[in-house]
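Got the viewer open? Here is a short tour, stop by stop, with a selection to make at each one.

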Amino acid sequence: MRSLRVQLAVVGMVAIYAPVLLVLGVDLATDEEVALTADGRSVVTSTGPSSPWTTLTVVALLPAAVALAWWWAGRATRPVEAIRAVADEIGEDDLTRRIGLDRGPSEVVGLAAAFDAMLDRLEGAAGLQLRLIEETSHELRTPLAVLTTTADVLLARPDALPPDHRAALARSQAAAARLATTVDDLLVEARGRARVIDRHPTDLAELVRGVLDEAGAVAPVGSAALALDAPAPVVAAVDPASVHRAVANLVDNALRHAPGGTTVTVAVTAAGGAALVTVTDHGLGLSPAEQERVFDRFWRGERAPGGSGLGLAIARQVAEAHGGTLALRSPGPAGAGCAFTLRLPTG
């Protein structure tokens, strides 16, 4: 009985059926006759309904009254259901939907208009946040690039600095590189929240091959090897730039956790109307408690070497923006590693 439609249907059925019962009661009450006995006394006797059709009509009208009341309650609650349906479809990453209700009770239309106005304000605030992050990222990239380039030039000359100065400069260079990565991650996350995606039919096997080429070129000496398992092209309608970033984050995460001498494998397959990109490493794996937090923004495990804590969160955000998922499988025990599966619809 907590449903508004059920409550309205009960009220409507009572309102419709009560007059019918009243008519039946009047009919029963008036179907009496008065007779006089031999001694002059009057005797009231009941003859029952004047016709059996009266009772049959009353019984037959019950389902009709229920059906009519249910239909009326549905029409009365339809605007509310429209508001609820749109609210269910609106997520934290999509503020473009509007209710646009122009018919119905004035109170409900006013509620829908207020809801749409609130979404307009939220979308404007999200756009302002995105522009602020983009402008800040642009302003930070240049000084970070200068710091990194200067450090590269000085570190390339063994006799330019004393050993202790070289060590300090190397630490500064690593910090600048990490800050640059964090800035890029923040920008990607902000764009993902605004659903700035442009879908195109893309061969994910070729896209992953490009990611591995880039990762292999900058991977430190002695890190894990990279291997691609993509026997056939897998085409999906995706935003290549954001998916490239998501896969690169997964590969970077695997390289940072995989021991030297092992292999990080990236498999690209198609199954059940979806494209699957699975990145598997042979590191220490994650405990159940760590698995619950691995996709939290800015969370870094105790054994995580570097990183901004945004890579996996961004990868999952990209998956959800495409209507897909990002799942983790880390069976344990230590040494079993992790397998992240990025699932993207092919349609």
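Start by selecting Val318 and His322: the backbone oxygen of Val318 lies 2.8 Å from a polar atom of the His322 side chain. Keep in mind as you go that this is a predicted model. His322 itself sits in the loop between helix H8 (311–321) and strand E8 (325–329). Is His322 buried or exposed? It is buried, because its relative accessible area is 4%, and the cut-off for buried is under 20%.

Next stop, the aromatics. The structure holds one aromatic pair. To see it, select Phe295 and Phe340: their ring centres are 6.1 Å apart and the planes meet at 85°, so this pair is edge-to-face. Now colour along the chain, and you'll see that the pair links distant parts of it, with the two residues 45 residues apart. Phe295 is in the loop between helix H7 (288–293) and H8, while Phe340 belongs to strand E9 (residues 339–345). Show a surface too: both Phe295 and Phe340 are buried.

Keep that surface on for the last stop. Select Ile16, Leu68, Trp71 and Trp72, which make a nonpolar surface patch of about 420 Å². Which helix gives the most to the nonpolar patch? That's helix H2 (residues 52–89), with three residues. Click on Leu68, which lies in helix H2. Leu68 counts as partly exposed because its relative accessible area is 44%, which falls between the limits of 20% for buried and 50% for exposed.

Note on methods:
Residues numbered from 1 in each chain as written. Predicted model: local features only at pLDDT ≥ 70, side-chain atom pairs only at ≥ 80, totals over all residues. Heavy atoms only, no water. Patch = residues over 30% accessible without salt bridge, like charges linked within 9 Å, V, L, I, M, F, W, Y side chains within 5 Å. Areas by Shrake-Rupley, 256 points an atom, 1.4 Å probe, with all protein chains shown as cover. Salt bridge = Lys/Arg side-chain N within 4 Å of Asp/Glu carboxyl O. Helix = DSSP H or I, 4+ residues; strand = E, 2+ residues; numbered from the N terminus. Buried < 20%, exposed > 50% of the residue type's maximum accessible area, 1.4 Å probe, protein only. Polar contact = N/O pair within 3.5 Å; in protein donor to acceptor, adjacent residues only side chain to side chain. Phe/Tyr/Trp six-rings, centres within 6.5 Å; stacked < 30°, edge-to-face > 60°.
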